[in-house]
Amino acid sequence: METEKKSSVVSDVGAWAMNVISSVGIIMANKQLMSSSGYAFSFATTLTGFHFAVTALVGLVSNATGLSASKHVPLWELLWFSIVANMSIAGMNFSLMLNSVGFYQISKLSMIPVVCVMEWILHNKHYSKEVKMAVVVVVIGVGVCTITDVKVNAKGFLCACVAVLSTSLQQITIGSLQKKYSIGSFELLSKTAPIQAVSLLVLGPFVDYYLNGKFITTYKMTSGAILFIFLSCALAVFCNVSQYLCIGRFSATSFQVLGHMKTVCVLTLGWLLFDSALTFKNISGMILAVVGMVIYSWAVEAEKQRNAKTSPQSKNSLTEEEIRLLKEGVENTPVKDVELAGRH
């Protein structure tokens with residue numbers, strides 16, 4: 001039992017590490033690809049379509065070679081999820097275009113309380129005082145180190161609201177679909193990625209044209225730009241897989257809170273690699289954010305231990321891997337061996 005617990009902790013740390021490293025890596029790669037001092041590839045929505053196309057291709061190869069199993073999820077749920085996810089992508093791009101960077105950061109920070117409220121409404125999930133306190137500390141810390149000027153207009157505010165609501169709903173839906181259909185993170189991603197890829201590659205160029213006044217067909221490709229596009233797509237596969245994996249293992253709230261470690265890493269790497277300014281305000285905000293993440297981790301673990309004491313015979317929730325193993329164990333093993341699943 002102790003060995004299984006240690007293995008689970010290693011898997012949890014691995015999932016978070018993959019998400020943080022791939023997310024920070026893709027931000028750095030995209031900064032070089034899209035900045036005017038780099039390759040000036042200013043087609044963010046179309047680039048996201050490339051990301052999902054490569055992810056869908058990896059999923060197709062994985063299913064064809066038997067490395068992953070395909071499970072049934074109703075088409076209408078996949079379409080609904082893809083619409084919400086694409087609204088999130090477009091909403092974020094429009095919000096960044098129409099609002100100041102400061103208000104864009106505020107809208108991103110508001111996702112944590114919005115996810116908490118949505119999980120309470122949709123799943124009747126409650127949070128301890130310690131968790132709520134940690135969320136406030138993280139929001140304040142990230143706000144201090146990222147928010148500068150704050151300007152907003154009616155269109156920008158509307159786009160920010162759409163972006164926040166759709167992103168929060170998308171992340172909650174990832175966890176819900178995995179639990180509802182006992183499907184693994186990569187299997188679910190393999191089903192949603194093709195739909196998102198097709199829709200973004202068709203509509204993306206028009207969205208990008210509205211955002212920057214240029215069609216992708218007018219862009220002059222260079223070998224350097226192609227190399228960074230491939231690098232961005234490769235990192236996107238790991239980023240997408242790890243996002244689904246983290247939300248499946250934990251929750252959308254945990255993903256949002258601990259995900260702000262990426263903000264701290266991006267600011268630090270920007271200072272190291274791109275000579276970005278790092279002020280006392282930035283440093284103090286990053287320290288406060290990290291303290292908040294530590295408090296959050298402690299609060300969630302304390303809450304798990306309290307729940308374990310009140311119901312020692314069962315766990316409150318199963319990870320996606322445990323659900324899959326239980327389901328496959330019941331289907332594939334003789335009746336006399338089913339009790340072995342109790343170890344999970």
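**Close-ups of a predicted model**

**View 1. Aromatic pairs, with Y209 and F215 in focus.** Going by ring centres within 6.5 Å, the count comes to seven aromatic pairs. One of them joins Y209 and F215, whose rings are stacked, with 4.6 Å from centre to centre and 15 degrees between the planes. Keep in mind that this is a predicted model. Neither ring of the pair is tucked away: Y209 is partly exposed at 41% relative accessible area, and F215 is partly exposed too, at 29%. Elsewhere, F41, F43 and Y219 come together as one aromatic cluster.

**View 2. Helix 7 from end to end.** Helix 7 takes in residues 154–181. Its 28 residues reach 40 Å from the first C-alpha to the last, close to the 40 Å expected at 1.5 Å a residue. Right after the helix comes S182, and this residue takes a positive phi of about 50 degrees.

**View 3. Q178, a buried residue of helix 7.** Q178 sits in helix 7. Is Q178 buried or exposed? It counts as buried, because its relative accessibility is 3% and the cut-off is under 20%. Now look across to L245: this residue is 67 places from Q178 along the chain, yet the two C-alpha atoms are separated by 9.7 Å.

**View 4. The largest nonpolar core.** This core has 21 residues, and the ones with the most contacts inside it are F52, F81, I174, L188 and Y244. Which helices each supply at least two of its residues? They are helix 2 (44–64), helix 3 (75–98), helix 7, helix 8 (185–212) and helix 9 (223–249). Helix 8 gives the largest share, six residues. As a general point, nonpolar side chains in soluble globular proteins tend to be buried together.

**View 5. Around F81, and a second core.** Leaving out residues up to four places away in sequence, F81 touches Q170, T173, I174, L177, T192, Q196 and Y244. Two of these partners, I174 and Y244, also appear with F81 among the residues with the most contacts inside the largest core. Separate from that core is a second one of 15 residues, with Y127, V142, V264 and M286 among them.

**View 6. S190 on helix 8.** S190 is found in helix 8. With 12% relative accessibility, this serine counts as buried. What does S190 touch, once residues up to four places away in sequence are set aside? The contacts are G59 and N63.

Note on methods: Residues numbered from 1 in each chain as written. Predicted model: local features only at pLDDT ≥ 70, side-chain atom pairs only at ≥ 80, totals over all residues. Heavy atoms only, no water. Phe/Tyr/Trp six-rings, centres within 6.5 Å; stacked < 30°, edge-to-face > 60°. Buried < 20%, exposed > 50% of the residue type's maximum accessible area, 1.4 Å probe, protein only. Helix = DSSP H or I, 4+ residues; strand = E, 2+ residues; numbered from the N terminus. Expected span 1.5 Å × (residues − 1). Core = buried A, V, L, I, M, F, W, Y, C linked by side-chain atoms within 4.5 Å. Contact = heavy atoms within 4.5 Å.
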